[in-house]
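The following note sets out numbered points on internal spaces, open pockets and nonpolar packing. Please read it alongside the sequence and the coordinates displayed below.

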Amino acid sequence: MFISYAIVLHSVVPVRLAPDEAAEQETQLLFGETCRIIDEVPRWYKIKNDYDGEEGWVDFKMITRMSEEEYKQYTSSDLTAMVKMPMAYAVSQGNGQTFPLTAGTRLCNYKDGTFEILGSKFVIDPQMVAEQPLKLTPDNFREVVRWFLNIPYLWGGKNSMGMDCSGFSGVVLSLFGKKLLRNARQQVNQGTEVGFLSEAQCGDLVFFDHHSRSPELTSISHVGILLTPDTVIHCSGRVKVERIDSNGIIETESQTYSHDLRAIRRY
């Protein structure tokens with residue numbers, strides 16, 4: 001049952017599978033993201049993220065309730081500006097506190113290095129911000145993703161200190177105005193199909209399973225982003241660039257296939 005609206009005023013908030021600090025992290029909420037509180041138990045809220053529809057449990061202290069009027073005003077505001085670097089810092093003009101903001105964080109009412117959330121004003125280095133979605137050209141794409149190299153893998157992560165494969169693809173493509181669902185198994189159903197690797201372009205997503213190593217593992221379990229028809233950037237252990245062919249990803253260290261190619265999608 002719908003209860004109320006809320007917003008994130010922390011840099012990153014973990015969203016868990018169950019209302020317990022030891023429960024698995026499913027995803028994360030970034031600063032400024034809004035959600036709906038759909039259930040609650042003592043000290044925990046079950047939320048549904050407005051951006052990607054993902055549900056899970058958050059510590060009640062980590063999100064801030066909003067009135068319906070505040071919610072409507074905020075979500076109708078200009079939210080096209082985004083942090084484009086893996087890490088930037090915003091400073092509150094009210095109390096001088098500093099907030100680390102990770103790539104993909106959307107900035108409300110941004111203009112000339114300032115933005116505002118619920119009446120609180122912040123300043124940020126304009127060089128860290130894309131005021132509008134970037135144009136997806138090979139040069140732009142390679143310039144952006146090079147800053148993400150070596151970010152470590154973190155299950156459920158979507159920030160510059162730890163990402164999973166679909167968190168990485170979702171954050172990177174959001175900078176180019178592409179809105180993806182949270183998980184690889186959902187992202188593979190978005191966009192349009194590309195039939196052959198030779199027809200693929202920079203920025204296309206490639207999806208994988210592990211069927212050749214475990215025949216029962218036929219569901220999509222991994223996603224990467226093509227740089228060229230024979231190179232892919234993906235988060236497996238860390239964000240890295242490796243070779244790809246029609247069979248899958250060729251692991252740099254072992255020169256064996258680590259993931260089996262199953263689909264190519266364009267957004």
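**Note on cavities, pockets and cores**

1. The lining of the largest cavity divides into 5 nonpolar, 5 polar and 5 charged residues. The structure under discussion is a predicted model, and the values in this note are to be read accordingly.

2. The largest cavity holds about 150 Å³ of space. Its lining is made up of 15 residues, and those nearest its centre are Y51, D52, K158, G170 and V171. Helix α3, spanning residues 165-174, provides the largest share of this lining, with 5 residues.

3. In total, 2 cavities of 30 Å³ or more are counted. The second largest cavity contains about 30 Å³ of space. L30, F31, G32, E33, Y74, G104, T105 and R106 form its lining. By class, 3 of these lining residues are nonpolar, 3 are polar and 2 are charged.

4. Turning to the open spaces, the largest pocket encloses about 380 Å³. Its lining comprises 18 residues, with W155, S166, N183, R185 and S221 nearest the centre. At least two lining residues come from each of β3 (25-30), α3 and α4 (184-187). The class composition of the lining of the largest pocket is 7 nonpolar, 6 polar and 5 charged residues.

5. The second largest pocket has a volume of about 320 Å³. It is lined by 17 residues, and Y51, L79, M82, R106 and K179 are the closest to its centre. Here the lining consists of 5 nonpolar, 7 polar and 5 charged residues. Two of the residues just named also appear in the cavity linings: Y51 lies among those nearest the centre of the largest cavity, and R106 belongs to the lining of the second largest cavity.

6. Which residues of the largest nonpolar core touch the most other members? They are F141, F148, F168, V172 and I225, in a core of 27 residues. At least two residues of this core are supplied by each of α2 (138-145), α3, β18 (205-209), β19 (222-228) and β20 (231-236). The greatest contribution is that of α3, with 5 residues. Helix α3 thus recurs in this note, having also supplied 5 residues to the lining of the largest cavity and at least two to that of the largest pocket.

7. The surroundings of F148 may be listed in full. Not counting residues up to four places away in sequence, F148 touches P86, A103, M163, F168, V171, V172, L175 and V239. Of these partners, F168 and V172 are named with F148 among the core residues that touch the most other members, while V171 is one of the residues nearest the centre of the largest cavity. Another core, of 20 residues, lies apart from the largest nonpolar core, and its members include I7, A81, A88 and I124.

8. Is A90 buried or exposed? A90 counts as buried because its relative accessibility is 1%, where the cut-off for burial is under 20%. This residue is part of strand β9, which covers residues 87-92. Leaving aside neighbours within four places in sequence, A90 makes contact with Q97, T98, F99, L101, F115, F122, V123 and I124. Among these partners, I124 is a member of the core of 20 residues. The C-alpha atoms of A90 and K111 are 13 Å apart, with the two residues separated by 21 places along the chain.

Methods. Residues numbered from 1 in each chain as written. Predicted model: local features only at pLDDT ≥ 70, side-chain atom pairs only at ≥ 80, totals over all residues. Heavy atoms only, no water. 1 Å grid on protein atoms, 1.4 Å probe; cavity = no way out; pocket = protein on both sides within 12 Å on 5 of 7 lines; lining within 4 Å. Points joined across faces, edges and corners; volume = space filled by probe spheres on them. Helix = DSSP H or I, 4+ residues; strand = E, 2+ residues; numbered from the N terminus. Nonpolar A, V, L, I, M, F, W, Y, C, P; charged D, E, K, R; others polar. Core = buried A, V, L, I, M, F, W, Y, C linked by side-chain atoms within 4.5 Å. Buried < 20%, exposed > 50% of the residue type's maximum accessible area, 1.4 Å probe, protein only. Contact = heavy atoms within 4.5 Å.
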